[in-house]
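Visitor: Could you walk me through this model? I would like to start with its helices and then move on to the sheet.

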Amino acid sequence: MLNLSDADFQRLYTYIQSHYGIDLSKKKNLIVSRLSNTLASEGYKDFSSYVNDIVSGKDKERTITMLNKLTTNYTYFLREIEHFEFMEKTVLPALAQKHQKDHSLSIWSAGCSSGEEPYTISMYLREYFGAKGGAAWDTRILATDISQNILNSAIHPSYQEEALSKLPAAWKHKYFTKKPDGSYTVSQEIRNNVIFKTFNLMDPIQFRRQFDLIFCRNVMIYFDQPTKDALVRRFYNATVPGGYLFIGHSEGLNKATCPYKYLLPAIYQKA
């Protein structure tokens, strides 16, 4: 296993935190264990050369690949189902009433990874608004991640059966097709309802519309408190009055600085 000097470790985690908000200042052993094989396979003889390439900023996708290795997060359809139940019973009826004239929703899956979250949202939207003349409603979801490679896997989805195990059997039959290799792909109608874009959550949020609902779950666990507070303020400014923010159940917001109103565990609303 290659040695990571304290100086190179500091250079690396400082660069990652300043550009991506991810705090790895106490993760030296994790960095060494998860990246040593990668460095060897890419021909690096030491960490110093690798860190030089990362902090140069010349190969963004190499950096994103590194971050994915260091922040691996297991995901699946219907993860933290309480959010989707609240969305179905409370949020969607409220949005249907609010948007009865323009028939246009604005929902953002921030840090969408390989697509399970936005596709799950899309299935709920299809079920709910399909009974209300779904063709008249614009329910397209914005789904963003910093990695184009991970977005490519979401755009051309292929999921193992384990990832679908929490879904109702009827949805699995209705919205998925089993491929010859045993994996599953998502139906075209669900895929067409999700717009994937690369986006770094450290950047200013300047999308065309404010959002009725923002999902940002199990992303901020890697941020320090000032970074998290600043991101939540940006989310708040990008949320319509009465709109919602869903975060991961393992995450928490600073009560003293959070501009949102707390509703339920991991569910917040803009007054």
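Visitor: Happy to have you as my guide! What should the 18 residues of helix α5 span, and how far apart are its end C-alpha atoms?

Guide: A word on the source first: this is a predicted model, where local features need pLDDT of at least 70, side-chain atom pairs count only at pLDDT 80 or more, and totals for chains, interfaces and linings use all residues. Residues are numbered from 1 along each chain as its sequence is written, and side-chain values use heavy atoms, with hydrogens and water left out. Helices (H or I, at least four residues) and strands (E, at least two) are DSSP runs, numbered from the N terminus, and the expected span of a helix is 1.5 Å times one less than its number of residues. For α5, residues 81–98, that gives 26 Å, which agrees with end C-alpha atoms that are 24 Å apart.

Visitor: Where is the kink in α5 centred?

Guide: The bend at a residue is the angle between axes fitted to the seven residues ending there and the seven starting there. In α5 the kink is about 45 degrees, and its centre is methionine 87.

Visitor: Which elements do the buried residues of α5 pack against?

Guide: Buried means under 20% relative accessible area, exposed over 50%, partly exposed in between (1.4 Å probe, protein chains only). The buried residues of α5 include Phe84, Met87, Val91 and Leu95. Residues three or four places apart in an α-helix point the same way, because there are 3.6 residues a turn. With contact meaning heavy atoms within 4.5 Å, the buried residues of α5 pack against α6 (116–130), β6 (211–216), β7 (239–247), β8 (261–264) and β9 (267–269).

Visitor: Which strands stand at the edges of the sheet?

Guide: Two strands pair if DSSP finds at least two bridges between them. The open sheet has seven strands with mixed pairing, in the order β5-β2-β1-β6-β7-β9-β8. Each edge strand has a single partner, so one side of it is left without a neighbour in the sheet; the edge strands are β5 (194–198) and β8.

Visitor: What is the bridge partner of phenylalanine 246 in β9?

Guide: β7 and β9 run antiparallel and are joined by three bridges. In β9, the partner of phenylalanine 246 is isoleucine 267.

Visitor: What angle does the direction of α5 make with that of β7?

Guide: Axes are lines fitted to C-alpha atoms, for helices over the stretch in contact, and angles run from 0 to 180 degrees between N-to-C directions. α5 packs on the sheet, touching β6, β7, β8 and β9, and its direction makes with that of β7 an angle of about 170 degrees.

Visitor: Is serine 109 buried or exposed?

Guide: Serine 109 lies in strand β1, residues 107–110. Among the residues that serine 109 touches are Glu117, Ile141 and Phe215, not counting residues up to four places away in sequence. Its relative accessibility is 0%, so serine 109 counts as buried.

Visitor: How far apart are the C-alpha atoms of serine 109 and phenylalanine 215?

Guide: Along the chain, serine 109 and phenylalanine 215 are 106 residues apart. Their C-alpha atoms are separated by 4.8 Å.

Visitor: What is the phi of glutamate 80?

Guide: Glutamate 80 sits in the loop between α4 (60–70) and α5. Glutamate 80 is buried, with a relative accessible area of 15%. Although glutamate 80 is not a glycine, its phi is positive, at about 55 degrees.
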